[in-house]
Amino acid sequence: MQRIQRIEGLIQQIESSADPGTVASVRELVEALLEYHGAGLGRILELAGEGTTREFARDPLIASMLLLYDLHPDDLETRVRRTVDGLPGVLLISVLDGVVRLRSTSAHTVREAVERALYEAAPEIVAVEIEGVPASSFVPLEALQRAV
Amino acid sequence: MTNAPPLATLRRYRPGQRVERCELCGASLSSEHPHLLELSARRIVCACQPCSILFDHRGEARFARIGRTVRYLAAPPFSDAEWESLHIPIGLAFFVRSADSRIMAFYPGPAGCTESLLPLESVSLPEMEPDVEALLVNRVHGACDHFIVPIDRCYHLVGLIRMHWHGLGGGEEAWQNIDEFFSALRESASA
């Protein structure tokens, strides 16, 4: 995840400081690179077959790439369920339209930790709602951009 | 630096994820975002919230912010005879008053939006914002509905018709889309 943090940090820096022309060129460059790698990765998985793809998905580095390109063999709910099962003090209520609803069974549940684990396993999550835990300080980037 | 969840930034750049962007600053937009009217070209410009406020009537009034209020007019501003005298070929039209008090009438069609060239001096329009609000008339299939709408809603209707119209009569799909457009409009309207 450190590599991703670095890339995303750089993108955010450019998005927030460069002139619109440069931002547009950088956007096209990143899109073209992602398209190229995504297509290649898709082809690799096709040739590798399902068994090998699942093996790939168990490797954290490859799993993060599969998540980036929506190529992960497990669907959203499976990944959310697995993550929640591994977290103490929370129960999964539902996954609906990208919104994950949880119930806290412990007074020590830390929202940020739960969210971080979930977003890492399932970046397509739209929102995480935890009953019994105060609201988050985790602000989606889109919301920040709108507020600037 | 921001606190965005991991991968959120990069995922916005995936192929097929091209999000709508503010045409003034390039910020990514959610599906619900403000519009500005570029006055010289009568063109709708997608904008983020800050730009829509910043550019509203700025720089010799190049842009005007388009609002969101829809009003349903219980009392039709035209009599049937007045409407007939306008010779609008289909039962749909919208009227705009420009900042210099000129009245323009447009009607949507399969090829886009046509401006009526008939004289409109006799038309008296209800109170509305110049350029960015329109009187939208729906008299198709026996309806007689009049709305004051943000101008982008009119362009949306024009787009729908252009996209779905087939043959001479439009076809079922086109009319279904038009009906849905007007029911949504009624729902969002205040009296």
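**Group meeting: a look at chains A and B**

Chain B has five helices and ten strands. One thing to keep in mind from the start: this is a predicted model.

Let's stay with chain B for a moment. It has 191 residues, and 48% of them are buried. Its accessible surface is about 9,800 Å². Carbon and sulfur atoms account for 52% of that surface. Now take the contacts between residues at least 6 apart in sequence. In chain B, 54% of these join residues at least 24 apart.

Next, the sheet. Seven strands of chain B form an open sheet. Read the order with me: β7-β6-β5-β8-β9-β4-β10. The pairing is mixed. Which strands stand at the edges? They are β7, residues 112–115, and β10, residues 189–190, both of chain B. Each has a single partner strand, so one side of each has no neighbour in the sheet.

Look at the β7 edge. Strand β6 of chain B, residues 103–109, pairs with β7(B) in the antiparallel sense, over four bridges. Within that pairing, B:Pro108 has B:Cys113 in β7(B) as its bridge partner. Remember B:Cys113. We come back to this residue.

Now move to β8(B), residues 133–138. How many of its residues are buried? Six of the six, so β8(B) is largely enclosed by the rest of the structure. Here is a general point about strands. In a regular strand, side chains alternate between the two faces of the sheet. Now see β8(B). B:Glu133, B:Leu135 and B:Val137 point one way. B:Ala134, B:Leu136 and B:Asn138 point the other way. Both sets are buried.

What pairs with β8(B)? On one hand, β5(B), antiparallel, over five bridges. On the other, β9(B), also antiparallel, over six bridges. Find B:Ala134 on the model. B:Val96 stands opposite B:Ala134. So does B:Val149, which lies in β9(B). The strands β8(B) and β9(B) form a hairpin, with six residues between them. In the turn, B:His141 has a positive phi of about 50 degrees.

A helix lies across this sheet. Helix α4 of chain B covers residues 151–164. The strands it lies across are β4, β5, β6, β7, β8 and β9 of chain B. The helix runs at about 110 degrees to β9(B).

Back to the cysteines. How many disulfides are there over all chains? Zero, with a disulfide taken as two cysteine sulfur atoms within 2.5 Å. Take B:Cys51. The nearest cysteine sulfur belongs to B:Cys48, 3.7 Å away, and B:Cys51 is in no disulfide. B:Cys51 is also buried, at 7% relative accessible area. Then B:Cys154. The closest cysteine sulfur is in B:Cys113, the residue we met at the edge strand. The distance is 8.3 Å, too far for a bond. B:Cys154 is buried as well, with 1% relative accessibility.

Last, chain A. It has six helices and three strands. From the N terminus, the elements run α-α-α-α-β-β-α-β-α. Of its 148 residues, 38% are buried. The accessible surface of chain A is about 8,900 Å², with 57% from carbon and sulfur atoms. Among contacts in chain A with a separation of 6 or more, 46% involve residues 24 or more positions apart.

How confident is the predictor here? The mean pLDDT of chain A is 84, and 89% of its residues reach 70 or more. Where in chain A is confidence lowest? In helix α6, residues 141–147, with a mean of 49. Confidence in chain A is highest in helix α4, residues 76–85, at 94.

Definitions and conventions:
Residues are numbered from 1 along each chain as its sequence is written. Chains are lettered from A and ligands numbered from 1 in the order in which they are written. This is a predicted model: local features need pLDDT of at least 70, side-chain atom pairs count only at pLDDT 80 or more; totals for chains, interfaces and linings use all residues. Side-chain values use heavy atoms; hydrogens and water are left out. Buried means under 20% relative accessible area, exposed over 50%, partly exposed in between (1.4 Å probe, protein chains only). pLDDT is the predictor's confidence in each residue, from 0 to 100. Helices (H or I, at least four residues) and strands (E, at least two) are DSSP runs, numbered from the N terminus. Contact means heavy atoms within 4.5 Å. Accessible areas come from the Shrake-Rupley method with a 1.4 Å probe; for residues, only the protein chains shown count as cover. Two strands pair if DSSP finds at least two bridges between them. Axes are lines fitted to C-alpha atoms, for helices over the stretch in contact, and angles run from 0 to 180 degrees between N-to-C directions.
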